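Reader: I have a structure to go through and want to talk about its salt bridges. Can you put it up?

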Amino acid sequence: MSDEVRGRTRLHFGAASPVGLASVALFLSSILPSPLQAQSDADPVARTSPFEPEGFGNGPSEEMRALLEVTLFNIDVLMLTIRVAPETGARLQSLVSGRDEYDDALADSVAVVMLEAKDAWARQVFERDVSLGRLTGGMVETAEKAAEAGWVTDEYVEDFAAGLPSLFGFLGERGAKEGDTIYLRMTGDRIRTIYETVDGEVLLDEVGESAEGRRASIPSFFAPGTRFRKKLVESLLDRS
């Protein structure tokens, strides 16, 4: 099914939604119960994605990774991989070259580069089942962090939150299952979001285009207070 909703094209198998989405899945950084710790690690899921652009992730600063885990039981919950175009990687490399320790000033500089990036890709792989309520609740929480940073407006967050139940209605009682994957592809202000089940079924394939939506997508992982920010930057330092 294809339709035009507020300037975006949607192809999906669930209910239509009024949400302006470039931010569909980027608010996953807080979907799981505390206490959580993010850490960079080797990707536990070896998957070749048809949605992955060629020429990304080859340079030392063209890929960032972070793994969320429940610290008490050491349970992996979500693996995030971000890959950027060579020109963005070169800017990131200039920031981390000669450095070996994380600090907030460095993270702020990395965030600026990502906010200005026009070409990036992200993959989020669930390492455990997550209920729909926890999924959407975490998304709203992280959207609020992006708003606190001034990257999106409060009105954007309100609109986003109001539309989540219909946007993710296709998950229903199923929720997100271990092995499900969300892909994001950012080209300019155009964001493509894909939800693929562990069985390879695509439940959501949506394209949105807006400057605010771009800032709410891949860059929002780097907003102050989100759970991925520190480990993504640390992964840059590890690879530099």
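Author: A definition to start with: a residue counts as buried under 20% relative accessible area, as exposed over 50%, and as partly exposed in between. Glutamate 116, with a relative accessible area of 44%, is therefore partly exposed. Keep in mind that this is a predicted model.

Reader: Fine. What does glutamate 116 meet in a salt bridge?

Author: Its side chain meets that of arginine 91, at 2.9 Å from N to O. The two sit 25 residues apart, with arginine 91 in helix H1 (residues 86-96) and glutamate 116 in helix H2 (residues 104-116).

Reader: And arginine 91, how accessible?

Author: Arginine 91 has 37% relative accessibility, so it is partly exposed.

Reader: Step back a bit. How many helices and strands in the chain?

Author: The protein chain has six helices and nine strands. Of its 240 residues, 55% are buried.

Reader: And what share of the contacts is between residues 24 or more positions apart?

Author: Such pairs make up 73% of the contacts in the protein chain, taking those with a separation of 6 or more.

Reader: Surface area? How much of it is carbon and sulfur?

Author: The accessible surface is about 9,800 Å², and carbon and sulfur atoms hold 48% of that.

Reader: Back to salt bridges. How many in the whole structure?

Author: A search finds 14. One of them joins the side chains of glutamate 63 and arginine 239, at 3.8 Å from N to O. Glutamate 63 lies in strand S4 (residues 63-70) and arginine 239 in helix H6 (residues 229-239), so the definition of these elements places the pair in a strand and a helix. They are 176 residues apart.

Reader: Is glutamate 63 buried or exposed?

Author: Glutamate 63 is buried, at a relative accessible area of 6%. Arginine 239 is partly exposed, at 33% relative accessibility.

Reader: What about aspartate 108, which residue does it meet?

Author: Arginine 229, through a side-chain salt bridge of 2.6 Å from N to O. This pair links helix H2, which holds aspartate 108, with helix H6, which holds arginine 229, across 121 residues.

Reader: Why does arginine 229 count as buried?

Author: Because its relative accessible area is 6%, and the cut-off for buried is under 20%. Its partner aspartate 108 is partly exposed, at 38% relative accessibility.

Reader: Which residues do shared salt-bridge partners join into one network?

Author: Glu63, Arg65, Arg83 and Arg239.

Key:
Residues are numbered from 1 along each chain as its sequence is written. This is a predicted model: local features need pLDDT of at least 70, side-chain atom pairs count only at pLDDT 80 or more; totals for chains, interfaces and linings use all residues. Side-chain values use heavy atoms; hydrogens and water are left out. Helices (H or I, at least four residues) and strands (E, at least two) are DSSP runs, numbered from the N terminus. Buried means under 20% relative accessible area, exposed over 50%, partly exposed in between (1.4 Å probe, protein chains only). Contact means heavy atoms within 4.5 Å. Accessible areas come from the Shrake-Rupley method with a 1.4 Å probe; for residues, only the protein chains shown count as cover. A salt bridge is a side-chain nitrogen of Lys or Arg within 4 Å of a carboxyl oxygen of Asp or Glu.
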